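Trainee: I would like a close look at a single part of this model. Could you walk me through it slowly?

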Amino acid sequence: MEKAILVHLATNKKEKQEAEESMQELKGLAGAAGAQVVQEIFQFRGEISPKYYIGEGKVSEIAHLKEELQTNLIIFDHNLTPIQQRSLEEEIQEKVIDRTQLILDIFALRARSKEGKLQVELAQLNYLLPRLLGKGVKLSRLGAGIGTRGPGEKKLEEDRRRILDRISKIKKDMLAIQKRRARQRKSRKKRPVPVVSLVGYTNAGKSTLFNMLSKENTYTSPQLFATLDPILRRVSLSDGLYFFLSDTVGFIKKLPVELITSFKATLEEVKEANCICHIIDITYPNYMAQIEAVETILSDLGVSNVPIIKLFNKIDLLPNKEDFLEKNTSSNGEVIYISAKTGEGMQSLKENLRSVLFRKLKLFYLQIPREKKEIIESFSKWAIVLKRRENGAFFELKIMAHPESMINYLPYIKRGEKNW
């Protein structure tokens with residue numbers, strides 16, 4: 001296990017107030033990547049150093065601490081430029097990574113599917129390329145000019161070419177995945193079965209809620225980014241209606257732009273959903289900041305037209321749960337309080353989802369003569385078939401459909417059927 005020193009720089013009063021919370025999150029990220037944090041360094045400085053990000057005095061202090069504590073990794077709670085990262089490594093004589101590189105490393109650990117691995121690799125290569133180029137500009141000129149031309153390329157240029165070739169190959173593969181996903185979404189859209197997408201800050205309880213609703217057993221963990229690959233499952237309601245539930249990657253403040261770009265195909269699932277459930281960890285001290293981070297990413301994705309239900313999760317962990325619920329439920333009926341672990345609030349959630357997802361559909365009972373049975377197969381393409389049975393010379397169906405879709409089937413509608 002690598003031993004790490006964490007570093008945070010605040011340049012104004014607001015950043016200084018948020019420093020402790022940000023470092024706590026970075027500590028969780030470091031732990032998720034497999035590092036042991038042995039020291040945290042804070043600095044308040046009016047400006048960022050172009051060379052080191054932090055001040056030269058702090059760089060010397062970290063170099064001394066590294067020897068004293070026998071650490072082998074320095075993690076910055078910021079995004080470093082290639083020059084800053086290289087200067088720090090030269091001065092401290094130890095590996096230095098930034099927040100983006102740490103998150104990319106965690107994603108690489110978590111990816112299981114071929115798609116997930118490709119997306120992470122693409123993000124890592126896009127992150128690495130400018131750093132490789134930054135190191136190579138000066139070195140590549142050493143062999144330039146008459147009398148210095150060699151028969152082969154420099155290793156740096158070979159690495160650069162290999163990375164560019166690999167990026168090109170991954171982009172082609174990702175384009176194929178995007179097209180496949182688009183076909184799948186188009187196929188689903190032809191059917192009236194809606195899709196609900198779960199979003200939330202990492203570790204808010206999305207996967208636990210997914211398991212509760214879908215009766216699945218996907219991997220859950222208190223670690224950040226415990227699950228990465230998107231999952232789609234069918235969820236049935238008590239009256240026979242059903243929908244597809246989609247779980248995707250958790251969000252985080254300062255989510256690397258490389259990841260957002262690489263995971264575009266995955267995040268498209270959120271845009272195409274009929275409803276979004278935003279899961280919020282109500283036990284987190286500054287959950288409002290997490291809400292803001294998720295809403296910012298959703299806004300960037302362009303999901304303003306999709307209905308969003310806010311789910312305040314982990315109410316079972318509140319010390320004064322009854323008082324809290326009595327006070328907050330009465331004042332804000334638009335919010336649902338749940339425990340994805342115990343199941344509390346699930347009935348309210350399902351009722352809300354039913355109202356949002358199926359509000360334009362009506363229930364119909366049909367009686368189709370056997371000689372007309374060929375029309376039955378078409379129902380599954382534009383209606384939700386809840387039940388089907390044979391009754392003598394007829395096929396009887398219970399369906400949910402848009403009323404305007406039933407114009408051609410009025411003769412087959414049974415009025416007042418309540419038996420099933």
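Which handedness does the crossing of helix 1 and helix 4 have?

Mentor: Happy to help, and please keep in mind that this is a predicted model. The crossing of helix 1 and helix 4 is left-handed. Let us build up the picture around that crossing.

Start with the two axes. Helix 4 covers residues 99-110, and its axis comes within 9 Å of the axis of helix 1, with a crossing angle of roughly 40 degrees. That angle is why helix 1 is described as oblique to helix 4. Now look at who makes the contact. Helix 1 contributes Ser22, Glu25, Leu26, Leu29, Ala30, Ala32 and Ala33, while helix 4 contributes Arg99, Leu102, Ile103, Asp105, Ile106, Leu109 and Arg110.

Two of those names are worth a second look. Glu25 and Arg99 both take part in the contact between the helices, and they also belong, together with Asp77, to a network of salt bridges. Try finding these three residues on your screen.

Helix 1 has another link to show you, this time to a strand. Lys27 and Glu40 form a salt bridge through their side chains, with an N to O distance of 4.0 Å. Lys27 sits in helix 1 (residues 13-33) and Glu40 in strand 2, so this pair ties together parts that are 13 residues apart in sequence. How open are the two partners? Glu40 is partly exposed, at 24% relative accessibility, and Lys27 is also partly exposed, with a relative accessible area of 36%.

Strand 2 brings us to the sheet. Four strands make up this open sheet, in the order 2-1-3-4, and their pairing is parallel. At its edges are strand 2 (35-44) and strand 4 (96-97), each of which pairs on one side only. As general background, the strands of a sheet pair through backbone hydrogen bonds, either parallel or antiparallel. Further in, strand 1 (residues 2-10) runs parallel to strand 3 (residues 73-76), and four bridges join them. To find your place in that pairing, pick out Leu6, which stands opposite Ile75 in strand 3.

A helix packs on this sheet as well. Helix 2 (residues 56-69) touches strand 1, strand 2 and strand 3, and its direction makes about 155 degrees with that of strand 2. For one more salt bridge, look at Glu67 and Lys66, whose closest N and O atoms are 2.9 Å apart. The two partners differ in how open they are: Glu67 is partly exposed, with a relative accessible area of 48%, whereas Lys66 is buried, with a relative accessible area of 8%.

The salt bridges you have met here are among the 20 that the structure holds. If you would like one from further along the chain, turn to Arg389 and Glu396, whose side chains meet at 2.8 Å, N to O. Here Arg389 is partly exposed, at 34% relative accessible area, and Glu396 is buried, at 1%.

To retrace the route, begin again at the left-handed crossing of helix 1 and helix 4. Then follow helix 1 to Lys27, which leads to Glu40 in strand 2. From strand 2, step across the open sheet in the order 2-1-3-4, and finish at helix 2, which packs on the sheet.

Methods:
Residues numbered from 1 in each chain as written. Predicted model: local features only at pLDDT ≥ 70, side-chain atom pairs only at ≥ 80, totals over all residues. Heavy atoms only, no water. Pairing = 2+ DSSP bridges. Helix = DSSP H or I, 4+ residues; strand = E, 2+ residues; numbered from the N terminus. Contact = heavy atoms within 4.5 Å. Axes fitted to C-alpha atoms, helices over the stretch in contact; angles between N-to-C directions. Buried < 20%, exposed > 50% of the residue type's maximum accessible area, 1.4 Å probe, protein only. Parallel < 35°, antiparallel > 145°, perpendicular 65-115°, else oblique. Left-handed = near helix turned anticlockwise from the far one by under 90°.
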